[in-house]
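Visitor: I should like to understand how the words used for a protein structure are justified. Please take me through the reasoning step by step.

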Amino acid sequence: MNSPYSPELHVAISAIQSAAKLSQAVISIEDKGVIEKDDLSPVTVADFAIQALLTASIHHAFPSDKFVGEESAADLRSNPALLDRVWKLLQRLEDDEAQSLCKLPESPAQMCEMIDWCGFGEPGGLSAGRVWVFDPIDGTKTFVQRQAYAINVALLEGSKQVLSIVGCPTISVDPQSPVTNDTIDPTGRGSIAFAAKGYGTYVRPLTGSPHEVQIRKIEPIPETTEPKNLRPVSCYNMLDSGVDDAHQLIQERLGIQSRGCDLLAWVLRWVTLGLGLSDMTIWVYKQRTRTGKIWDHAGAMLLFEEIGGKITDIDGKDIDLSVGRKMVANHGFVAAPRATHGIVLQMVQQVLREQGKAYLLA
């Protein structure tokens, strides 16, 4: 892909390749250094190390850019043993750094500082400059079970998505649908899905230099698709945040027979949409106070939009990434081909009203 963001793409891909080595090193051991955050979601030594690695690598190349990421370093500062494990994990990449594939923090103190650049970072609103958004391990719950996960890197300009790079260590470059949490690339190579605004969506192997690998452009989705032929992706029976009965009834009313892809990680759901393995997802949170988090969606949504997908919330509003770390301007998600999106959105709203859940709509 020849775009104005080629330098950023090169740096991000190299950093993700090194990050994947860290994640694979951790996924292979029993003690992954798991702790529980305030929202009861798990975090591992890989989450901390990868966020530090991504920040150090991109800051070295683009020192004026800012960052938003899922983790802060508070737990590392209060737990010297955990801090030491994360620091030692990063040192596994000294050879990568020597080959200029990535950049490492210079000390444990700088590592914590860089993690906090992300952990306290904000997207900055519509007048913001360049802000990178990271989810170092999306799908930590499945990652600790040696299942599907992703490494999400996005670049925003003025809080608008301009670049997406997603490392998918468990998904091949030519996966077959349905993709689930148990799907593992039989070749062991994994893939990277990436997109630049206005330049399309692509996939390549996770390993190898740009000159050594074959890059495939994803074909646009058909402009007209009958609702009954839509291929969904969702997370079935693993999360308590969604209105599962509404999700099921909406699909039934649209005439959709297949459950499609079933993935916990939001980033991987966007990847299946971007790779053409799915072309529809809906998500209604149980409460209006529940919102998405920017690192689970930023950038990755661009993968689908670049092949002809449309994404709004359940009220039909465009997704607003400018408001902060939590996406409080939106409730839920409706994604489908542009020509079919209105039909899907109307069915979502109709079913919620029929079920007495109109309070979930604006």
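Guide: The following conversation sets values from a predicted model against the definitions behind the terms.

Visitor: What makes the pair lysine 21 and aspartate 96 a salt bridge?

Guide: The closest N and O atoms of lysine 21 and aspartate 96 are 2.9 Å apart. A salt bridge requires a side-chain nitrogen of Lys or Arg within 4 Å of a carboxyl oxygen of Asp or Glu, so the pair qualifies. Lysine 21 belongs to helix α1 (residues 6–27) and aspartate 96 to helix α5 (residues 94–98), so the salt bridge ties together parts that are 75 residues apart in sequence.

Visitor: Why is aspartate 96 called buried, and why is lysine 21 called partly exposed?

Guide: Buried means under 20% relative accessible area, exposed means over 50%, and partly exposed lies in between. Aspartate 96 has a relative accessibility of 7%, and therefore counts as buried. Lysine 21 has 45%, so the term for this residue is partly exposed.

Visitor: Why does the contact between arginine 130 and glutamate 157 count as a salt bridge?

Guide: The closest N and O atoms of arginine 130 and glutamate 157 are 3.8 Å apart. The cut-off is 4 Å, so this pair also meets the definition. Arginine 130 lies in strand β4 and glutamate 157 in strand β5 (residues 150–157), so parts that are 27 residues apart in sequence are tied together. Arginine 130, at 21% relative accessibility, is partly exposed because buried would require a value under 20%.

Visitor: Which term fits each partner in the salt bridge of arginine 259 and aspartate 262, buried or partly exposed?

Guide: These two side chains meet at 3.6 Å, N to O. Arginine 259 has a relative accessible area of 44% and is partly exposed. Aspartate 262 has 16%, which is under 20%, and so is buried.

Visitor: How do you know that aspartate 313 has no salt bridge?

Guide: Lysine 317 is the nearest side chain of opposite charge to aspartate 313, and the distance is 4.7 Å. A salt bridge needs 4 Å or less, so aspartate 313, although buried, has none. A polar atom of the aspartate 313 side chain does lie 3.4 Å from the backbone nitrogen of histidine 331.

Visitor: What makes the length of helix α6 close to the expected value?

Guide: Helix α6 (residues 108–119) has 12 residues and reaches 16 Å from its first C-alpha to its last. The expected span, at 1.5 Å a residue, is also 16 Å.

Technical notes. Residues numbered from 1 in each chain as written. Predicted model: local features only at pLDDT ≥ 70, side-chain atom pairs only at ≥ 80, totals over all residues. Heavy atoms only, no water. Helix = DSSP H or I, 4+ residues; strand = E, 2+ residues; numbered from the N terminus. Expected span 1.5 Å × (residues − 1). Buried < 20%, exposed > 50% of the residue type's maximum accessible area, 1.4 Å probe, protein only. Lys, Arg positive; Asp, Glu negative; His and termini not counted. Polar contact = N/O pair within 3.5 Å; in protein donor to acceptor, adjacent residues only side chain to side chain.
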